[in-house]
Amino acid sequence: VVGISANGPADKAGLRVGDVILTLDGSSISGPNALRSLIDGNRIGTSVQLSLLRDTVIANATMTIGEQP
């Protein structure tokens, strides 16, 4: 995560700059393009489960996908 919009989906899910998203709904994320392909316009408003690396700890979060600004 390189940036978070105030009150955006990532902010509301508790993500932080520097978090590394590992999976989205169980699908491995190999980079930004892989993440974008899983978060398309058809999923806006749906909740997804994230697995992420924060510092040296793996954490989980739930995020509702929103429209990109």
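The side chain of Arg54 makes a polar contact with the side chain of Asp19, at 2.8 Å. That pairing is a handy way into this structure, which is a predicted model.

**Around Arg54**

Arg54 sits in strand E3. Besides Asp19, its side chain has another partner: the backbone oxygen of Gly14, reached at 2.9 Å. If you skip residues up to four places away in sequence, Arg54 touches Gly14, Leu15, Arg16 and Asp19.

The contact with Asp19 also qualifies as a salt bridge, N to O at 2.8 Å. Asp19 belongs to the loop between H1 and E1 while Arg54 belongs to strand E3, so the pair ties together parts that are 35 residues apart in sequence. Is Asp19 buried or exposed? With a relative accessibility of 2%, it counts as buried, since the cut-off for that is under 20%.

**The other salt bridge**

How many salt bridges does the structure hold? There are two. Asp25 and Arg43 make one of them, and their closest N and O atoms are 2.7 Å apart. Here both partners come from loops: Asp25 from the one between E1 and strand E2 (27-28), Arg43 from the one between helix H2 (32-38) and E3, so this pair ties together parts that are 18 residues apart in sequence. Asp25 is partly exposed at 40% relative accessibility, and Arg43 is partly exposed too, with a relative accessible area of 23%.

Here are the salt bridges side by side:

| Acid | Base | N to O distance |
|---|---|---|
| Asp19 | Arg54 | 2.8 Å |
| Asp25 | Arg43 | 2.7 Å |

**The sheet**

Now for the strands. Which order do they take in the sheet? Four of them form an open sheet that reads E2-E1-E3-E4, with antiparallel pairing. E2 and E4 are the edge strands, each pairing on one side only.

E1 and E3 run antiparallel and are joined by four bridges. In that pairing, Val20 stands opposite Leu53 in E3, and Thr23 stands opposite Ser51 in E3. On to the pairing of E3 with E4: this one is also antiparallel and runs over eight bridges. Ser47, for instance, stands opposite Thr64 in E4. The hairpin of E3 and E4 has two residues between the strands, and in it Asp55 takes a positive phi near 60°.

Ser51 deserves a closer look. It lies in strand E3 and is buried, with a relative accessible area of 13%. Which residues does Ser51 contact, once its neighbours within four places in sequence are left aside? They are Val20, Ile21, Leu22, Thr23, Ile58, Ala59 and Asn60.

**The nonpolar core**

The largest nonpolar core is made of 12 residues: Ala10, Ala13, Leu15, Ile21, Leu24, Ile29, Val48, Leu50, Leu52, Ala61, Met63 and Ile65. Helix H1 (9-13), strand E1 (20-24), strand E3 (47-54) and strand E4 (57-64) each supply at least two of these. The top contributor is E3, with three residues. Val48, Leu50 and Leu52 all appear in the core list, and the spacing makes sense because side chains in a regular strand alternate between the two faces of the sheet.

Leu15 shows how this core links up with its surroundings. Not counting its neighbours within four places in sequence, Leu15 is in contact with Val1, Ile4, Ala10, Ile21, Leu50, Leu52, Arg54 and Ala61. Arg54, where we started, is therefore a contact of this core residue, and its side chain is also the one that meets Asp19 in a salt bridge.

**A look at the loop after H2**

Asp40 lies in the loop between H2 and E3 and counts as partly exposed, at 32% relative accessibility. The C-alpha atoms of Asp40 and Gly66 are separated by 9.7 Å, with their positions 26 residues apart along the chain.

**How confident is the prediction?**

The chain averages a pLDDT of 89, and 97% of the residues score at least 70. Which element has the highest mean pLDDT, and which the lowest? E3 comes out highest at 95, and H2 lowest at 83. So much of what is described here involves E3, the strand that holds Ser51 and Arg54.

Terms used
Residues are numbered from 1 along each chain as its sequence is written. This is a predicted model: local features need pLDDT of at least 70, side-chain atom pairs count only at pLDDT 80 or more; totals for chains, interfaces and linings use all residues. Side-chain values use heavy atoms; hydrogens and water are left out. A nonpolar core is a set of buried Ala, Val, Leu, Ile, Met, Phe, Trp, Tyr and Cys residues joined through side-chain atoms within 4.5 Å. Buried means under 20% relative accessible area, exposed over 50%, partly exposed in between (1.4 Å probe, protein chains only). Contact means heavy atoms within 4.5 Å. A salt bridge is a side-chain nitrogen of Lys or Arg within 4 Å of a carboxyl oxygen of Asp or Glu. Two strands pair if DSSP finds at least two bridges between them. A polar contact is a pair of N or O atoms within 3.5 Å; within protein, one must be able to donate a hydrogen and the other to accept it, and residues adjacent in sequence count only if both atoms are side-chain atoms. pLDDT is the predictor's confidence in each residue, from 0 to 100.
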